[in-house]
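Okay, everyone, thanks for coming. Let me put the structure up on the screen and walk you through what I found.

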Number of protein chains: 2
Amino acid sequence: MKKILTLAVATTSILSASSLMDDAKNAGLTPIPTSSLELMKLVDNPKNPITDAKVELGKKLYFDPRLSKSGIISCNTCHNLGEGGDDGVEASIGHKWTANPHHVNAPTVYNAVFFEAQFWDGRAKDVEEQAQGPIQAHPEMAATKPHVENVVNSMPQYVAEFKKAYGKDVKVSFEKVTDTIGLYERTLVTPSAYDDYLNGDENAMSPAQKDGLKTFIQVGCATCHTGVALGGAMNAFNITGTYKYQNVGDFKGDANGMVKVPTLRNVTQTAPYFHNGKIWNLKDAIKEMARIQLGAKLSDKEVNSINEFMKALEGRKPTVTYPMLPASTATTPKPDMN
Amino acid sequence: MKKILTLAVATTSILSASSLMDDAKNAGLTPIPTSSLELMKLVDNPKNPITDAKVELGKKLYFDPRLSKSGIISCNTCHNLGEGGDDGVEASIGHKWTANPHHVNAPTVYNAVFFEAQFWDGRAKDVEEQAQGPIQAHPEMAATKPHVENVVNSMPQYVAEFKKAYGKDVKVSFEKVTDTIGLYERTLVTPSAYDDYLNGDENAMSPAQKDGLKTFIQVGCATCHTGVALGGAMNAFNITGTYKYQNVGDFKGDANGMVKVPTLRNVTQTAPYFHNGKIWNLKDAIKEMARIQLGAKLSDKEVNSINEFMKALEGRKPTVTYPMLPASTATTPKPDMN
């Protein structure tokens, strides 16, 4: 029965496949799979498998500002799930109203699980390792590992939820907290009309969006913006070379001076653009990238066409029920604004 | 049929009513009604009746940080629905990391609709008028009316939602925005075991909680903490007189030097306490209030008993589906951190 079903799906797929679909696949563009089993293979963490209890706990921690030194900055402050997964400002503002000293723009958390590396310089290998950074960075959440551990362990409800998620002998360490936040982030994937199209629904994208996808491939955008994330790898430009925008502070990219290719998923919702957040208009960003990365001068028609395609990347966000957090107790560390 | 039903309910009510229930009612303690019609009478705004479209829009605006000058502070930043409706710090931190200059503590937004007046000095008559304050206050969201109007009008989705809510001729003014936020806040009511008890369910509160309610009434707490909100009126202490806590800044209460009685609903989740946020422990707060307001020295047993009662005030929060906000456009005002 299963075999018959597979064959039937395959036949439909062949019948409806257009050459543009093939071109996209040949260019390395891969949809978010429709099968939840296939999706799970892509997003799950073998060392810490996704379960409902962990996800629910991870969501609470993601939204809990008490993890920060001040008690008022959460992961969601700069990676706001209601705002395309970022904060809509050039450089995030953290503890004591400090702008990110690298002057880099907060990337979206949506679909970050698909990235080959995390942070603009790719210094973290996955979302779990990434989650350790901003919590401790002084210009961001400014917390110490003991602060985070003390906060979480001070609330019996949190401890009970960790036991429910990981077993009664769990030790609520900083790493357990960040691993659980990372695990929640693995669920933040946003399939879109583009995925529906690549998964075989010829009509999921409008004719203008399909034209845009064609232009996107022809111009060469898919060289870097490829894979499931349409980005996420360290194969982009050398910022110290051709790319000399203002205000990158002391940010120098990775050891090779390379900067990570950002995802294009939900890109219509994540202005401002580039690692320094200096471009606010998506069409300007498209034009600039073609010029800098591909040495191409795009016509307005091409820019508009690619811009149309980007709309097909607006994803269906998971429904987030806002978490009701455990109440602080007498032993919860007090907020420290200094 | 309807009459029979009413009689039946009345009979049940008489049969199950305890003298404590009567004492509570005689002390002016009123439950949140179970009938949604009765509840609507209490919370609705006759000048701007509650509808689903307005509530959904109001929720988006409540959570939208782009209403602030910086683009990163929303109503929910200081009145966090996941944290008991407040921010858990002594004095809220606003634009440019400025602490509230009055050094007053952010009150919970939950059940604020039941208050007779808003703000600690009661200067706003309802939640709609209150909503105008923090958005414009420089140490809070630091926005101007034109900023707010420009932000909302720059996004076609917002304008469409205003039309859906108020009709096609609606003008999206600052006041329309704050009225809609206030309207959302009217829905943030949290019935609890205490309400179930006062509504006739003898077993809704534990014996210890009922003892606590008895002590609460006997000691005199219900003199000020009364009505549906267990507070919310301007009948409390003269801060320039007996009440001389540190750090009230330039806050002087209302024209008579009076400070609003805070609600006790969800009080276990809204530390720190008092208008200056100087007391972190609920038992200390109970003891201090009895001393200052009632001239009573409570025994530890009485304090513990009242503290038990407070747990019955932990309400059932409305389920909040986190809003996905419209994307900024080319005309949306840019964030300004200065």
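Let's start with one side chain and work outwards. Phe216(A) sits in helix H11 of chain A. Is Phe216(A) buried or exposed? It is buried, since 24 other C-beta atoms lie within 10 Å of Phe216(A), and the cut-off for calling a residue buried is 20 or more. So who does Phe216(A) touch, once you set aside its neighbours within four places in sequence? The contacts are Cys221(A), Ala222(A), Ile306(A) and Phe309(A). Take Phe309(A) from that list: 93 residues separate Phe216(A) and Phe309(A) along the chain, yet their C-alpha atoms are 8.0 Å apart.

Before I go further, please keep in mind that this is a predicted model. How confident is the predictor? For chain A the mean pLDDT is 91, with 90% of the residues at 70 or more. The scores for the model are ipTM 0.92 and pTM 0.93. The weak spot I want to flag is residues 1-16 of chain A, where pLDDT stays under 50. For that stretch the model has four contacts beyond four places in sequence. Where pLDDT is low, the predicted coordinates should not be read in detail. Please don't zoom in on that part and start telling stories.

Now the whole of chain A. Its secondary structure comes to 13 helices and two strands. The C-alpha trace spans about 65 × 60 × 30 Å along the principal axes. What about the radius of gyration? Chain A has 21 Å, and a compact globule with 338 residues would be near 20 Å, so the two agree. Buried residues make up 48% of the 338 residues in chain A. And if you take the contacts in chain A with a separation of 6 or more, 72% of them are between residues 24 or more positions apart. The pair I opened with, Phe216(A) and Phe309(A), is 93 residues apart along the chain.

Next, domains. The domain assignment splits chain A into domain 1, which is 18-35 + 192-311, and domain 2, which is 43-185. Look at the numbering for a second: domain 1 of chain A is given as two segments, and domain 2 is given as one. The centres of the two domains of chain A, taken over C-alpha atoms, are 27 Å apart. How many residues are in contact between them? There are 28 residues of domain 1 in contact with 22 residues of domain 2, all in chain A. On the domain 1 side of that contact, you get eleven nonpolar, twelve polar and five charged residues.

Okay, on to the two copies. Two copies of a chain are related by a rotation about an axis and a shift along it. Here, a turn of 180 degrees and a shift of 0.0 Å along the axis lay chain A on chain B, with an RMSD of 0.0 Å. The two copies are therefore related as by a two-fold rotation axis. Which residue of chain A comes closest to that axis? That would be Thr321(A), with its C-alpha at 2.2 Å. The same surface serves both copies, as 100% of the contact residues of chain A recur in chain B. In numbers, 33 residues of chain A are in contact with 33 residues of chain B. On the chain A side, those are 17 nonpolar, eleven polar and five charged residues.

Last topic: backbone oddities. Most residues other than glycine have a negative phi, and most peptide bonds are trans. Now for the exceptions I picked out. A cis peptide bond, with omega about 0 degrees, joins Ala271(A) and Pro272(A). Pro272(A) is in the loop between helix H11 (207-219) and helix H12 (282-294) of chain A. Over in chain B, Ala271(B) and Pro272(B) are also joined by a cis peptide bond, with omega about 0 degrees.

What about positive phi? Phe274(B), in the loop between H11 and H12 of chain B, has a phi near 75 degrees. Phe274(B) counts as buried, with 21 C-beta neighbours inside 10 Å. The other one to look at is Asn111(A), where phi is near 65 degrees. Asn111(A) is in the loop between strand S2 (98-99) and helix H6 (127-136) of chain A, and Asn111(A) is buried too, with 26 other C-beta atoms within 10 Å.

That's my tour. Happy to take questions.

How values were computed:
Residues numbered from 1 in each chain as written. Chains lettered and ligands numbered in written order. Predicted model: local features only at pLDDT ≥ 70, side-chain atom pairs only at ≥ 80, totals over all residues. Domains from an automatic or database assignment. Contact = placed C-beta atoms within 7 Å. Nonpolar A, V, L, I, M, F, W, Y, C, P; charged D, E, K, R; others polar. Least-squares fit on C-alpha atoms with pLDDT ≥ 70 in both. Helix = DSSP H or I, 4+ residues; strand = E, 2+ residues; numbered from the N terminus. Rg over C-alpha atoms; globule rule 2.2 N^0.38 Å. Buried ≥ 20, exposed ≤ 12 C-beta atoms within 10 Å, placed from the backbone. pLDDT = per-residue confidence, 0-100.
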